Amino acid sequence: MYSNIKKIYQDKINDILPPTASAIASLIDCSINNIFGYSHDGNLTPGANSSNNIGAGQLGKKYLITVTKNGYVKKTVMDDVWKGKATKGLKLKDDDELIYANTANDEDFVILLGEDDMMTKLAVSGLTTAGKLTLGSAAAIGNVLQAVVASDEDTLMFVDSENKGKLVMTKELATKSRTAKGQKINEGVKWVLNVQGRDTIYIVSKGKILPIDIAKKMSVKSKTASGAELTSKPIDKIL
């Protein structure tokens with residue numbers, strides 16, 4: 001099935017002509033991240049059209065982790081994802097939507113960025129395994145703005161509403177239980193990304209793509225420290 005999805009994904013890339021800014025952003029996203037993904041309604045889709053992308057290098061991991069806007073986190077064994085009707089990935093409430101999906105192993109963590117400058121770090125090993133057509137379990141942090149899977153050896157990037165970015169080691173964040181309150185992070189953080197092994201991020205601003213050299217712009221800091229300005233332009237998306 002993976003080979004069929006990859007073919008569909010490649011066909012869709014070949015159809016994007018001419019390369020508009022949005023198309024270029026999609027291609028960058030695909031080249032960094034995905035071979036297949038999930039739409040906001042929880043359906044499995046070819047990567048070029050998906051809202052949440054899963055990288056080809058991640059397919060060998062044990063679990064699929066999904067996170068919804070209302071704070072439902074779920075761990076599903078990857079083998080179960082492809083059983084039966086594989087186009088549906090999870091059950092959603094009417095007022096909820098999928099905001100993140102990725103694969104993980106037992107030694108990984110799920111980082112949730114919530115409202116009011118709160119975040120939490122959940123151990124994948126501590127999450128209950130659930131079927132793909134279930135809701136999952138609600139995290140105490142409440143509504144989730146962003147989520148990411150990372151190991152303790154990975155480097156995370158946080159960017160706030162003033163376009164200031166910083167790097168934080170995952171191991172510097174305290175691990176919490178799903179039912180525990182989160183931990184405070186610096187004011188106005190809007191994005192969190194796993195940038196382990198990457199030299200460059202790409203900022204989408206008013207239809208333009210801005211490459212940012214990670215090492216030149218940011219340094220490793222504490223979770224509550226201020227970051228360095230990445231750009232004076234408004235940020236629509238970070239890839």
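**A tour around strand S4**

Begin with the whole protein chain shown as a surface: its accessible surface comes to about 11300 Å², and carbon and sulfur atoms hold 49% of that area. Bear in mind throughout that this is a predicted model. Switching to a cartoon view, you will find four helices and 18 strands in the protein chain, while a colouring by burial would mark 47% of the 239 residues as buried. If you list the contacts with a separation of 6 or more, 69% of them join residues that lie 24 or more positions apart.

Next, select residues 63–68, which form strand S4. Six of these six residues are buried, with relative accessible area under 20%, so the strand is largely enclosed by the rest of the structure. In a regular strand the side chains alternate between the two faces of the sheet. Display the side chains of Tyr63, Ile65 and Val67 on one side of S4, then those of Leu64, Thr66 and Thr68 on the other, and you will see that both faces are covered, since each of these residues is buried.

Now add residues 72–77, strand S5, which runs antiparallel to S4 and is joined to it by five bridges; among the residues to pick out are Thr66 and its bridge partner in S5, Lys74. Three residues separate S4 from S5 in this hairpin, and in the turn you can select Gly71, whose phi is positive at about 90 degrees.

Finally, select residues 98–104, strand S6, which is likewise antiparallel to S4 and is connected to it through six bridges. Here, centre the view on Ile65, whose bridge partner in S6 is Asn102.

Notes:
Residues are numbered from 1 along each chain as its sequence is written. This is a predicted model: local features need pLDDT of at least 70, side-chain atom pairs count only at pLDDT 80 or more; totals for chains, interfaces and linings use all residues. Side-chain values use heavy atoms; hydrogens and water are left out. Helices (H or I, at least four residues) and strands (E, at least two) are DSSP runs, numbered from the N terminus. Buried means under 20% relative accessible area, exposed over 50%, partly exposed in between (1.4 Å probe, protein chains only). Contact means heavy atoms within 4.5 Å. Accessible areas come from the Shrake-Rupley method with a 1.4 Å probe; for residues, only the protein chains shown count as cover. Two strands pair if DSSP finds at least two bridges between them.
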